[in-house]
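Here is a short report on one protein chain. Keep the sequence and the model side by side while reading.

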Amino acid sequence: AKGGRTVLFVSHNMGAINQLCRTAILMTQGRVRKTGDIQSVIASYLAADTRDQNPRIIEPTVSRKGNGAMRFSRIALSDEAGLASNLFELDQSASICFEAVVNGGVENLSAGLVIKTITGNPVTVIIDKDCGHQLEISGGKVGARIYLESLPFFPGKYTIDLWVGSDDGRITFDHVEQVASFEITNNNRVS
């Protein structure tokens, strides 16, 4: 294009990529895995994430926000039978388990998660206190399991963000975006 510009945008934020880009390159360990239109590259990215990372260890090097007093260390999704899975049927129940390591003095904890579409649109926000959960520190760790009864989502791919901080929301200890993904299918339904 006459006088045009090319911008290289590097991100794991599928919503931002979907809004800002027309083409994408998927790389793994410095090698190109796929190039093409946004939707097909995003689908490949999420499929690899779904296939390879459940339960997922959350590496200390992952991009985070917060003061570091706590750090998420693990997330796992499971189906109604308690088996690890990132693929669920429409109306099937599931659970999301997470664990965080305590690095400093923390009191009055609250934790939550946001489930988003692959384009970054929030679908639901779940806060521990809203669900009747009380987080407790044991052995320098905090863990929780959140049950999702009859997943009330449309078929498609979703991502999960995790947050932990003070119960008044003023202090963020850790916030990790797109830490896991899952897919809802409509296999047993007649269209």
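Val-7 counts as exposed because its relative accessibility is 71%, and the cut-off for exposed is over 50%. The model is predicted, so this value, like the others here, is computed from predicted coordinates. Val-7 sits in the segment that precedes α1 (14–20). Together with Phe-9 and Leu-20, Val-7 makes up a nonpolar patch on the surface. The accessible area of the three residues together is about 340 Å².

Ile-75 gives the opposite case. Its relative accessible area is 1%, so Ile-75 is buried; the limit for buried is under 20%. Ile-75 belongs to strand β4. Its C-alpha lies 9.8 Å from that of Ala-144, although 69 residues separate the two in sequence. In soluble globular proteins, nonpolar side chains tend to be buried together.

**Overall make-up**

The chain has 191 residues, and 40% of them count as buried. It holds two helices and 11 strands. Read from the N terminus, the order of elements is α-β-β-α-β-β-β-β-β-β-β-β-β. The accessible surface is about 11200 Å², with 50% of it on carbon and sulfur atoms. Among contacts between residues at least 6 apart in sequence, 60% link residues at least 24 apart.

**Cores**

Which residues touch the most other members of the largest nonpolar core? They are Met-70, Ile-75, Ile-115, Ile-160, Leu-162 and Phe-182, out of 35 residues in that core. Six strands each supply at least two of the core residues: β4 (70–79), β6 (94–102), β7 (109–117), β9 (141–148), β10 (156–166) and β11 (172–185). The largest share, six residues, comes from β11.

Ile-115 shows how such contacts reach along the chain. Beyond its neighbours within four places in sequence, its contacts include Ile-96, Leu-148, Phe-153, Ile-160 and Phe-182. Asn-121, Pro-122, Val-123 and Thr-124 are also among them, as are Tyr-158 and Thr-159.

A second core is separate and has nine residues. Leu-26, Ile-38, Val-41 and Ile-42 are among its members.

**Strand pairing**

Strands of a sheet pair through backbone hydrogen bonds, either parallel or antiparallel. One open sheet here has four strands in the order β3-β4-β6-β9, and its pairing is antiparallel. β3 (56–57) and β9 are the edge strands, each pairing on one side only. Within the β6 and β9 pair, Ile-96 stands opposite Ile-146 of β9.

Three pairs, with their bridge counts, are listed below.

| Strand pair | Sense | Bridges |
|---|---|---|
| β6 and β9 | antiparallel | eight bridges |
| β7 and β10 | antiparallel | nine bridges |
| β10 and β11 | antiparallel | nine bridges |

β10 appears in two of these rows, pairing with β7 and with β11. Facing Thr-117 is Tyr-158 of β10. Thr-159 has Ser-181 in β11 as its bridge partner.

How many residues lie between β10 and β11 in their hairpin? The count is five. Gly-169 in that turn has a positive phi of about 80°.

Is β10 mostly covered or mostly open? It is mostly covered, with nine of its 11 residues buried.

Notes:
Residues numbered from 1 in each chain as written. Predicted model: local features only at pLDDT ≥ 70, side-chain atom pairs only at ≥ 80, totals over all residues. Heavy atoms only, no water. Core = buried A, V, L, I, M, F, W, Y, C linked by side-chain atoms within 4.5 Å. Buried < 20%, exposed > 50% of the residue type's maximum accessible area, 1.4 Å probe, protein only. Contact = heavy atoms within 4.5 Å. Patch = residues over 30% accessible without salt bridge, like charges linked within 9 Å, V, L, I, M, F, W, Y side chains within 5 Å. Areas by Shrake-Rupley, 256 points an atom, 1.4 Å probe, with all protein chains shown as cover. Salt bridge = Lys/Arg side-chain N within 4 Å of Asp/Glu carboxyl O. Pairing = 2+ DSSP bridges.
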